[in-house]
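Here is a small set of exercises to work through with the structure open beside you. Try each task before you read its solution.

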Amino acid sequence: MTGSFFYSTGSLMLILLAGGWSSRSESAVRNHVTSGSDRGPQSAIRTPVIWDTDICDDIDDTWALGVLLQAPELDCKLIVTAVRDTEAKAKVVAKFLDRVGRTDIPLGIGVKQPGDSWRQTSWAKDYDLSSYPGRVCKDGVQAIIDTIMNSPDRVTLIATGPLPNIAEALKREPRIAEKADFVGMHGSVYVGYSGKDKPDAEYNVAQDAKAAQKVFTAAWPMTITPLDTCGLVALDGDKYQKVLKRKSFITATLLENYRIWYRDGLRDRKDLKEADFDRLTDEKLKSSSTILFDTVAIYLAIRKDLAQMKSLPIRITDDGFTRVEEGAKIVNCAVKWNNLDGYESWLVERLTK
Ligand SMILES: [Ca+2]
């Protein structure tokens, strides 16, 4: 399947994918796809969102993108890339959206930082960002500010990576915290990585603790999925097979990225030969996902009932822990699953619509 095939039929495919929803939602999605406008009568039912993502560093952001594109409840106004080579990452998002016919979504290039983002970026190496039919904002931070400040409706800012872009946006325009709600995949309250019963310095916080401190002391209402919930989500068995077999534009593009990302990750294994790379990649791709942390942040922007939410005072320490500490900012935390199996089924249902 070539890029041009995807591109020419992507919008039609999205409408077909939306076919399982109510006619009201379907027509809202069709209106969005065909005109790029959200001014239809259905716009009142959709929440305007901005997604700030460190896509390419882990593959779960790409799964989150798939869910975001299958959420008729959300009206994605902007996607901004975060951490290190944000332009290379923007190319990955642009190519993905081009493939699935969603170039109505504007892109922003976030704060550039030294260092490479080598996993997955090769997938879009030859993609010319200037050929992206939608808007590309070189100053992604300003795009975040403008989108929030100019929106007639309250915006939900979803962040699924370290927070240099959001901290910079708050520095330039603190009033964004009055006009937006924050939803993030951040922290570790009672549970650490791999479900262990002790919190960890979670990557999205610890990688830039100063930025996280700025974001976690701003005036906006905050909702997070810490490792306590998002760190437990992975697909295998029948659930994973459903995604694998769906072969829609979204799932095919997602799995193509998963393959490249996974294979890239084996490169440092000196014990492996070239043929092992393909064999191990095939084995993994056939059987299961990695941990799908970031998908939960998209879920929390839509609904929360499958998780147990708790309002907790959260302070970010200099070494990247999220401590419950009296007097700290109150954050709505998804601390447990009411129904993890139900969440994973919801995730599969969304991805395979
Ligand atoms: Ca991420």
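**Exercise 1. Find which residues of the largest nonpolar core touch the most other members, and trace the contacts of Leu68.**

Solution. Keep in mind that this is a predicted model.

- Step 1: The largest nonpolar core has 97 residues, and within this core Leu68 and Ile158 touch the most other members.
- Step 2: Leaving aside residues up to four places away in sequence, Leu68 touches Trp51, Leu74, Cys76 and Ile298.
- Step 3: As background, nonpolar side chains in soluble globular proteins tend to be buried together.

**Exercise 2. Decide whether helix H3 (residues 60-69) is enclosed or open, and say what its buried residues pack against.**

Solution. Start with burial, then turn to the surroundings.

- Step 1: A residue counts as buried if 20 or more other C-beta atoms lie within 10 Å of its own.
- Step 2: Ten of the ten residues of H3 are buried, so the helix is largely enclosed by the rest of the structure. Among them are Asp60, Asp61 and Thr62, as well as Leu68.
- Step 3: The buried residues of H3 pack against two strands, S1 (47-53) and S2 (74-81), and against helix H4 (86-100), H12, H14 and H15.

**Exercise 3. Classify how H3 packs against helix H14 (residues 295-302) and against H12: roughly parallel or roughly antiparallel?**

Solution. Two packed helices are described by the angle between their axes and the distance between the axes.

- Step 1: The axes of H3 and H14 come within 8 Å and cross at roughly 30°. Angles under 35 degrees count as roughly parallel, so H3 is roughly parallel to H14.
- Step 2: On the H3 side of this pair, Asp60, Trp63, Ala64, Val67 and Leu68 meet Thr295, Ala297 and Ile298 of H14.
- Step 3: For H3 and H12, the angle is about 170° and the axes are 10 Å apart. That makes H3 roughly antiparallel to H12.
- Step 4: Here Thr62, Trp63, Gly66 and Leu69 of H3 make the contact with Ile250, Leu254 and Asn257 of H12.
- Step 5: Trp63 takes part in the contact with H14 and also in the contact with H12.

**Exercise 4. Work out the strand order of the ten-stranded sheet and identify which strands stand at its edges.**

Solution. Read the order across the sheet, then look at its two ends.

- Step 1: The sheet is open, its pairing is mixed, and its order is S4-S3-S2-S1-S5-S6-S7-S10-S8-S9.
- Step 2: S4 and strand S9 (322-324) stand at the edges with a single partner strand each, so one side of each is left without a neighbour in the sheet.

**Exercise 5. Follow the parallel pairings from strand S5 (residues 155-159) through S6 and strand S7 (residues 222-224) to strand S10 (residues 329-337).**

Solution. Take one pair at a time.

- Step 1: S5 and S6 run parallel and are joined by five bridges. In this pair, Ala159 stands opposite Gly184.
- Step 2: S6 pairs with S7 over three bridges, again in the parallel sense. Val183 has Thr223 in S7 as its bridge partner.
- Step 3: S7 and S10 run parallel and are joined by two bridges. Thr223 has Asn332 as its bridge partner in S10.
- Step 4: Four of the five residues of S6 (residues 180-184) are buried, so this strand is largely enclosed by the rest of the structure.

**Exercise 6. Two residues that are not glycine have a positive phi: say where Gln120 and Lys247 lie, and whether each is buried or exposed.**

Solution. Take location, phi and burial in turn.

- Step 1: Gln120 lies in the loop between strand S3 (107-109) and strand S4 (136-137), with a phi of about 80°. Gln120 counts as buried because 26 C-beta neighbours lie inside 10 Å.
- Step 2: Lys247 lies in the loop between helix H11 (237-246) and helix H12 (249-264), with a phi near 50°. Lys247 is exposed because it has 12 other C-beta atoms within 10 Å.

**Exercise 7. Find where the predictor's confidence is lowest and where it is highest.**

Solution. Begin with the whole protein.

- Step 1: The mean pLDDT is 89, and 88% of the residues reach 70 or more.
- Step 2: Confidence is lowest in helix H2 (residues 23-35), with a mean of 35, and highest in S5, at 99.
- Step 3: Over residues 1-43 pLDDT stays under 50, and the model has 53 contacts beyond four places in sequence for them.

Terms used:
Residues numbered from 1 in each chain as written. Pairing = 2+ DSSP bridges. pLDDT = per-residue confidence, 0-100. Contact = placed C-beta atoms within 7 Å. Core = buried A, V, L, I, M, F, W, Y, C linked by C-beta atoms within 7 Å. Axes fitted to C-alpha atoms, helices over the stretch in contact; angles between N-to-C directions. Parallel < 35°, antiparallel > 145°, perpendicular 65-115°, else oblique.
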